[in-house]
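Let's take a walk through a protein fold together. Have the sequence and the 3D view open as you read.

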Amino acid sequence: MKTQDRPLDEDDLAMADLAEITDWTRIAGPDDDAAGPEVVRALVYRVMNATDWKPWPLEPGEVIDEAMASWGFTTRRGITMIVFAGLTFSDCPDSGWSAYDIGPDDIAAAEKGLDAAWPDHLALARKHWGEPDYLGDDSAPMFADEWEPGAGSGRRHLAVWLRTGAQYHLYSNKPTRQPLSTAVGVNYSVYID
């Protein structure tokens, strides 16, 4: 197993960006399988009207693919956010702890790494988002469905913050032997209602 352990600077900026959005209903769109240029343009319009995030520009001659259902934005702090009608997440590849190239004998080491990284991520989320409305981990027998059905599935840790029109989820992936987890880390996403 290989690991990366980087400062949380990018996550700090991204969580601050997410904290500034007080009403996600302005960004929400139909959470369906629709895709294509009109879907993306409507999404970009909603995000631009609700935030100061700048959409990725189209290059001359570039068109929005018919399969596209999301778009990228750059925040004023320089963070990349990927937005779908029902989901937003930051792209912070140089921030935090992760493990990859996990083998079957590495599960315990991956769990130990996640357990060590989790408190710093949780403290950072609390700094920006306050106390979570839910906090749990896979040591609880009903963890998978404790917050809501399936919310803890595939997770080792989970914290949830409720916001108008959204839920912020901070979580770590649960390393497993079957099927074998190839990578794990601590992540966060905004699930837009």
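Where is tyrosine 45 found? Look in helix 2, and there you'll spot tyrosine 45. Keep in mind while you look that this is a predicted model. Is tyrosine 45 buried or exposed? Tyrosine 45 is exposed, because its relative accessible area is 58% and anything over 50% counts as exposed. Now find isoleucine 27, which sits 18 residues from tyrosine 45 along the chain. Their C-alpha atoms are separated by 8.8 Å.

Stay in helix 2, which covers residues 37-50, and look for valine 40. Valine 40 has a relative accessible area of 1%, and under 20% means buried, so valine 40 is buried. So helix 2 holds both an exposed residue, tyrosine 45, and a buried one, valine 40. What does valine 40 touch, leaving aside residues up to four places away in sequence? The list is Ile64, Met68, Ala69, Ser70 and Trp71. Take tryptophan 71 from that list: it is 31 residues from valine 40 in sequence, and their C-alpha atoms are 6.6 Å apart in space.

Time to zoom out. The protein chain is made of four helices and ten strands. Read from the N terminus, the order goes β-α-α-β-β-β-β-β-α-β-α-β-β-β. The radius of gyration is 17 Å, close to the 16 Å that the globule rule gives for 193 residues, so the protein chain is as compact as a globular protein of that length. If you follow the C-alpha trace along its principal axes, you get a span of about 50 × 35 × 30 Å. Of the 193 residues, 44% count as buried. Contacts tell you something about the fold too: among those with a separation of 6 or more, 62% are between residues 24 or more positions apart.

What about the outside? The accessible surface adds up to about 10000 Å², and carbon and sulfur atoms own 51% of that. As for charges, there are 16 positive and 33 negative side chains. The centres of those two sets lie 4 Å apart.

Next, let's follow some strands. Strand 8 takes in residues 155-163, and seven of its nine residues are buried, so call it mostly covered. Which way do strand 7 and strand 8 run? They run antiparallel, joined by four bridges, with strand 7 spanning residues 134-137. One of the pairs to look for is glycine 136 with its bridge partner in strand 8, leucine 158. Leucine 158 also has a bridge partner in strand 9, namely tyrosine 171. Strand 9 is made of residues 166-173, and eight bridges join it to strand 8, again in an antiparallel run. These two strands form a hairpin with two residues between them, and there glycine 165 takes a positive phi near 80°.

Keep going along the chain from strand 9 and you enter the loop that leads to strand 10, where proline 179 lies. The peptide bond from glutamine 178 to proline 179 is cis, with omega near -5°.

Strand 6 is another mostly covered strand, with four of its five residues buried. Which strands does strand 6 pair with? One partner is strand 1 (residues 2-6), held by five antiparallel bridges. Another is strand 10, with three bridges, also antiparallel. To see these pairings in the model, look for aspartate 5 and its bridge partner in strand 6, tryptophan 97. Then find serine 98, whose bridge partner in strand 10 is glycine 185.

In the loop between strand 6 and helix 3 you'll come across aspartate 101. Aspartate 101 has a positive phi of about 55°, although it is not a glycine. Its relative accessibility is 48%, so aspartate 101 counts as partly exposed.

Finish with helix 1, residues 9-19. Which of its residues are buried? They are Asp11, Ala14, Met15, Ala16, Asp17 and Leu18. Those buried residues pack against strand 4, strand 5, strand 6, helix 3, strand 9 and strand 10. Several of these are elements you've just visited, so rotate the view and try to find helix 1's buried residues against strand 6, strand 9 and strand 10.

Conventions
Residues are numbered from 1 along each chain as its sequence is written. This is a predicted model: local features need pLDDT of at least 70, side-chain atom pairs count only at pLDDT 80 or more; totals for chains, interfaces and linings use all residues. Side-chain values use heavy atoms; hydrogens and water are left out. The radius of gyration is taken over C-alpha atoms; the globule rule is 2.2 Å times the number of residues to the power 0.38. Buried means under 20% relative accessible area, exposed over 50%, partly exposed in between (1.4 Å probe, protein chains only). Contact means heavy atoms within 4.5 Å. Accessible areas come from the Shrake-Rupley method with a 1.4 Å probe; for residues, only the protein chains shown count as cover. Lys and Arg count as positive and Asp and Glu as negative; His and the chain ends are not counted. The place of a charge is taken as NZ of Lys, CZ of Arg, CG of Asp or CD of Glu. Two strands pair if DSSP finds at least two bridges between them.
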